[in-house]
Amino acid sequence: HPDGERLITGGDDGLIKVSLRGVEEAVLADLRGKWVDHLAASAASGVIVAGAGKDAIVFIDGAERHRFAHPSSVGGLALDSKGRRLAVAHYGGASLRYALVKDDRASELKWAGSHIAITISPDADYVFTAMQELELHGWKLPEKRDLRMSGYAAKTRSFSWDRRGRWLATSGADCAVLWPFQGKLGPQGKQPATLGQRQALCTRVAFHPSDDVIAIGYADGAAMLADLDAGDVREIAPRTDAAVSALAWSADGARIVVADEGGRVTFSSP
């Protein structure tokens, strides 16, 4: 959880669990019969959203408040920086709502195809999804102007914005691909920057919360730290043979957690 005090998990057992520091985990919800594929949480609003099947389920103060139904399975969830607007990826595009309003009518962002991940820019001016077709699709708000970014070798599964919202880092290539958002047109007509190129697929990206550096995880188990200005790249955790599946910084940026598909979790102070 972004408040740094809780760990929230969901899985194919249909259970959403919350673990507090030094306290036994508690069950937030039992959705047996459904897989909990996606979770999003906000420290600003306290809202927690779970994606299970076609539903985005909103929890406030430890209790389910309402559900938003979608035309197909939820492909991804994202909350804005205030924890108020909820973006949901699904087949045919994305839906944008006010998470705390039970009867909110979605603003539909339409684009044909399967959308499998989603992110909102820190200023809430852009929504981007990753697509099954190995590209990104975006919308500039409020006019919903379409943006397309292609050229990926694999599906993008990981997004990360830098602290000022100037760069959107993505996985899905043999490096971290960084799209520029300086200026009114965002990445339109611009080439991305690349960092940490190697002979392995980039699987995860995570910007440092206060410095111009980014952590990059790879399919060969490597985890690297790249400096945006100098371009220097160095290892931040012992390399394993399992693909990096998660990266997370502590709020103060002093530590990073690297997890892989082999079940190993490493804490580092880069």
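This report walks through strands, cores, cysteines and salt bridges in a predicted model.

## A hairpin at the start

Let's begin with β1 and β2. Strand β1 covers residues 6-10 and β2 covers residues 15-20; the two run antiparallel and are joined by five bridges. One pairing to look for is T9, whose bridge partner in β2 is K17.

The hairpin has four residues between its strands, and G14 takes a positive phi there, near 80 degrees.

## A four-stranded open sheet

Further along the chain there's an open sheet of four strands, in the order β16-β17-β18-β19, with antiparallel pairing. Its edges are β16 (159-161) and β19 (193-195), each of which pairs on one side only. Ignoring direction, neighbouring strands in this sheet are turned by 25 degrees against each other on average.

To see one edge up close, take β18, residues 176-180, which pairs with β19 in the antiparallel sense over three bridges. Here L178 has A193 as its bridge partner in β19.

## Two nonpolar cores

Nonpolar side chains in soluble globular proteins tend to be buried together. In this model the largest nonpolar core has 17 residues, and F128, L136, W179 and F181 have the most contacts inside it. At least two core residues come from each of β12 (115-120), β13 (126-131), β15 (145-149), β16 and β18. The biggest giver is β13, with three residues.

W179 is worth a click in your viewer. Leaving aside neighbours within four places in sequence, W179 is in contact with L136, M149, Y152, R166, W167, L168, T170, P187, K190 and P192. Apart from this core lies another, of 14 residues, which include A169, V205, F207 and I214.

## Cysteines without a bond

How many disulfides are there? The count comes to zero. C175 is in no disulfide, and the nearest cysteine sulfur, that of C202, is 7.3 Å away. Why doesn't C202 bond with C175? Because the sulfur of C202 is 7.3 Å from that of C175, its closest cysteine sulfur, and that's too far for a bond; the cut-off for a disulfide is 2.5 Å.

Are these two cysteines buried or exposed? C175 is buried, at a relative accessible area of 5%, and C202 is buried too, at 2%.

## Salt bridges

The structure holds 13 salt bridges. One of them joins R6 to D3, with the closest N and O atoms 2.9 Å apart. R6 is partly exposed at 27% relative accessible area, and D3 also counts as partly exposed, at 30%. R6 is a residue of β1, the strand that spans 6-10.

Other pairs reach further along the chain. E135 forms a salt bridge with R148, where the closest N and O atoms are 3.2 Å apart. This pair links distant parts of the chain: E135 sits in the loop between β13 and β14 (136-140), while R148 is in strand β15, 13 residues apart. E135 is buried, with a relative accessible area of 12%, whereas R148 counts as exposed at 54%. R163 forms a salt bridge with D212, and their closest N and O atoms are 2.7 Å apart. R163 lies in the loop between β16 and β17 (167-170) and D212 in the loop between β20 (202-207) and β21 (213-218), so the pair ties together parts that are 49 residues apart in sequence. R163 is partly exposed, with 39% relative accessible area. Finally, K34, D55, E64 and R67 are joined into one network by salt bridges that share partners.

Terms used:
Residues are numbered from 1 along each chain as its sequence is written. This is a predicted model: local features need pLDDT of at least 70, side-chain atom pairs count only at pLDDT 80 or more; totals for chains, interfaces and linings use all residues. Side-chain values use heavy atoms; hydrogens and water are left out. Two strands pair if DSSP finds at least two bridges between them. Axes are lines fitted to C-alpha atoms, for helices over the stretch in contact, and angles run from 0 to 180 degrees between N-to-C directions. A nonpolar core is a set of buried Ala, Val, Leu, Ile, Met, Phe, Trp, Tyr and Cys residues joined through side-chain atoms within 4.5 Å. Buried means under 20% relative accessible area, exposed over 50%, partly exposed in between (1.4 Å probe, protein chains only). Contact means heavy atoms within 4.5 Å. A salt bridge is a side-chain nitrogen of Lys or Arg within 4 Å of a carboxyl oxygen of Asp or Glu.
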